[in-house]
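Me: I'm new to this one and would like a close look at one small part. Please start there, then walk me outward through whatever else is worth seeing.

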Amino acid sequence: MSLPQAAPRSDHGDRTAPRILLYSHDTFGLGHLRRSRTIAQALVSAFPDASALILTGSPVAGRFDFPERVDHVRLPGVVKLQDGSYTAQNLGLPIEEMTAMRAEIIRAAAQSFRPTLAVVDKEPTGLHGEFVPALEMMRTSGRTRVVLGLRDVLDSPDALQPEWERKEALTAIRRYYDEVWIYGLREVYQPLAGLDLPADVEARLRYTGYLRRGTPPEAPADASPFVLVTPGGGGDGGALIDWTLSAYEHDPSLAPRALIVYGPFLDGAMRKGFAKRIRRLKGRVEAMDFHSRMEDLYAGAIGVVAMGGYNTFCEILSFDKPSVIAPRTRPRMEQHIRAAAAEALGLTRMLDCERDGTGPQVMADAIRALASQPPPSANPLPSLLSGLESVVALARDAMADLMEPAPLWAARSA
């Protein structure tokens with residue numbers, strides 16, 4: 001399929017209003033979309049004439065409200081199977097056809113939108129290389145600064161190194177990317193430390209701090225206390241919810257009440273089973289399927305029980321809530337690494353199944369202790385939540401450089 005050519009430009013008149021393209025493959029979960037949405041909102045707020053377009057594969061993108069001057073393109077969905085392969089979510093096409101179709105949509109959107117800045121989330125070449133045609137186009141034009149955005153933890157080094165070698169990630173960074181923004185602090189964790197990075201890639205790393213989440217109005221003073229239980233998107237959160245319910249079933253005196261937000265991806269049959277158990281607890285535990293403004297719930301909670309994904313961790317820090325993190329260890333060690341590092345710094349408490357056990361009383365004791373557990377602010381780290389301010393400053397510098405005769409990557413690749 002041939003794509004329409006972008007309209008010719010006259011001087012740099014179309015550069016007065018920054019255009020920011022954000023891409024995340026989003027095969028599952030909420031993390032990538034929520035991170036892109038948060039960054040987009042910060043950038044359009046900082047640059048009043050800017051617009052942002054998010055390219056996302058998230059099947060629940062339509063459930064979210066997007067700020068003014070931020071919109072999204074929903075890519076045809078794919079899902080990850082247990083063996084690590086991918087398949088079409090609804091269309092029934094081979095994965096090769098799906099990624100080829102998505103690649104054309106991505107390239108056409110980038111060609112039409114003509115971004116000043118492109119921020120690619122986590123995958124340097126996109127799902128199965130689907131972002132490469134757009135990267136080539138932007139590199140050839142020289143009119144777009146391209147940034148790779150990484151969360152604070154990706155996986156253990158022994159797992160990450162073969163994955164990045166297979167995907168030729170470092171080659172892609174050297175060829176296409178001006179900078180790599182790491183949405184965390186070096187003092188907490190260095191996600192690429194075990195990869196023996198080339199010096200020119202190391203020079204592109206920028207640690208921003210964690211991405212602060214907005215603060216909604218204070219919870220009503222007469223609201224009854226509750227513990228917020230969140231497994232993120234919910235797709236692999238059944239074990240956390242089961243453990244929490246077992247704690248309340250095992251310990252009739254356990255308080256305060258728990259509010260569980262299942263997440264949109266929790267298995268339906270599992271949800272029905274949990275609902276029956278919750279009814280028998282007679283108001284000590286409540287549940288809801290989904291909440292598009294989780295910030296409101298964090299503000300009212302006395303503490304948080306979670307699996308410890310990136311966005312959840314940012315919200316715990318932003319709302320300064322005592323928390324209990326029960327991380328997963330499969331398919332990635334990401335959550336366990338983050339929780340262990342945060343516990344060592346006094347920012348949260350981790351429940352490690354091998355160290356602490358898995359019995360219901362273990363969780364009950366942890367929930368009860370939240371009322372006296374120090375919040376993250378009791379152990380402050382400089383610039384811990386400076387992420388959005390840093391992203392804005394980095395974006396401003398990146399876009400200011402675009403009027404120079406040649407972009408930075410042109411000199412690097414020469």
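Let's begin with E168: is this residue buried or exposed?

Reply: E168 is exposed, because its relative accessible area comes to 53%, and anything over 50% counts that way. Keep in mind that you're looking at a predicted model. To find the residue, go to the loop between helix 4 (157-167) and helix 5. E168 has another quirk: its phi is positive, about 55°, even though the residue isn't a glycine.

Move along to helix 5, which covers residues 169-176 and holds I173. Here the setting is a different kind of place: I173 has a relative accessible area of 0% and is therefore buried. What does I173 touch, once you set aside its neighbours within four places in sequence? Its partners are P124, L148, W164, V180, V201 and R204. Take V201 from that list: this residue sits 28 residues from I173 along the chain, yet their C-alpha atoms are 7.2 Å apart.

R204 is another partner of I173, and you'll find R204 in the loop between helix 6 (199-202) and strand 9. With a relative accessible area of 1%, R204 counts as buried, so this arginine falls in the same class as I173. R204 also has D178 in its surroundings: the two are 26 residues apart in sequence, with 6.8 Å between their C-alpha atoms.

Those links across the sequence fit a wider pattern. Among contacts in the chain with a separation of 6 or more, 77% involve residues 24 or more positions apart. For the overall picture, the chain has 414 residues, of which 54% count as buried, and it contains 15 helices and 15 strands.

From strand 9 (205-207), step into the loop that leads to strand 10 (226-230), and you meet Y210. Its ring pairs with that of Y310, and the two are stacked, 5.9 Å centre to centre with 25° between the planes. Y310 belongs to helix 10 (residues 310-318), so to speak on the far side of the sequence: the two tyrosines are 100 residues apart, and the pair links distant parts of the chain. Why do both count as buried? Y210 has 0% relative accessibility and Y310 has 3%, and the cut-off for buried is under 20%. F313 joins in too, giving one aromatic cluster of Y210, Y310 and F313.

If you follow the chain past helix 10, there's an echo of where we started. D320, in the loop between helix 10 and strand 14, also has a positive phi near 55° without being a glycine. At 28% relative accessibility, though, D320 counts as partly exposed. A little further on, the peptide bond from R330 to P331 is cis, with omega near 0°. P331 sits in the loop between strand 14 (323-325) and helix 11 (334-344).

There's a cis bond between A255 and P256 as well, with omega about 0°. P256 lies in the loop between helix 7 and strand 11, which brings us to a pair of helices. Helix 7 (residues 238-250) and helix 8 (residues 268-280) have axes that come within 11 Å and cross at roughly 15°. The two are therefore roughly parallel to each other, and helix 7 passes helix 8 in a left-handed crossing. On the helix 7 side, G238, I241, D242, L245, S246 and E249 make the contact, meeting M270, F274, R277 and I278 of helix 8. By class, that's 5 nonpolar, 2 polar and 3 charged residues.

F274 has an aromatic partner too. Y262 and F274 are both buried.

Helix 2 (residues 95-113) and helix 3 (residues 132-141) make another pair, with axes that come within 8 Å and cross at roughly 25°. They're roughly parallel as well, because that angle is under 35 degrees. The crossing of helix 2 over helix 3 is right-handed. A103, I106, R107, A110 and Q111 from helix 2 meet P133, A134 and M137 from helix 3. Sorted by class, this contact has 6 nonpolar, 1 polar and 1 charged residues.

Key: Residues are numbered from 1 along each chain as its sequence is written. This is a predicted model: local features need pLDDT of at least 70, side-chain atom pairs count only at pLDDT 80 or more; totals for chains, interfaces and linings use all residues. Side-chain values use heavy atoms; hydrogens and water are left out. Axes are lines fitted to C-alpha atoms, for helices over the stretch in contact, and angles run from 0 to 180 degrees between N-to-C directions. Helices (H or I, at least four residues) and strands (E, at least two) are DSSP runs, numbered from the N terminus. Angles under 35 degrees count as roughly parallel, over 145 as roughly antiparallel, 65 to 115 as roughly perpendicular and the rest as oblique. A crossing is left-handed if the near helix is turned anticlockwise from the far one by less than a right angle, and right-handed if clockwise. Contact means heavy atoms within 4.5 Å. Ala, Val, Leu, Ile, Met, Phe, Trp, Tyr, Cys and Pro count as nonpolar, Asp, Glu, Lys and Arg as charged, and the others, Gly among them, as polar. Rings of Phe, Tyr and Trp (its six-membered ring) pair if their centres lie within 6.5 Å; planes under 30 degrees apart count as stacked, over 60 as edge-to-face and the rest as tilted. Buried means under 20% relative accessible area, exposed over 50%, partly exposed in between (1.4 Å probe, protein chains only).
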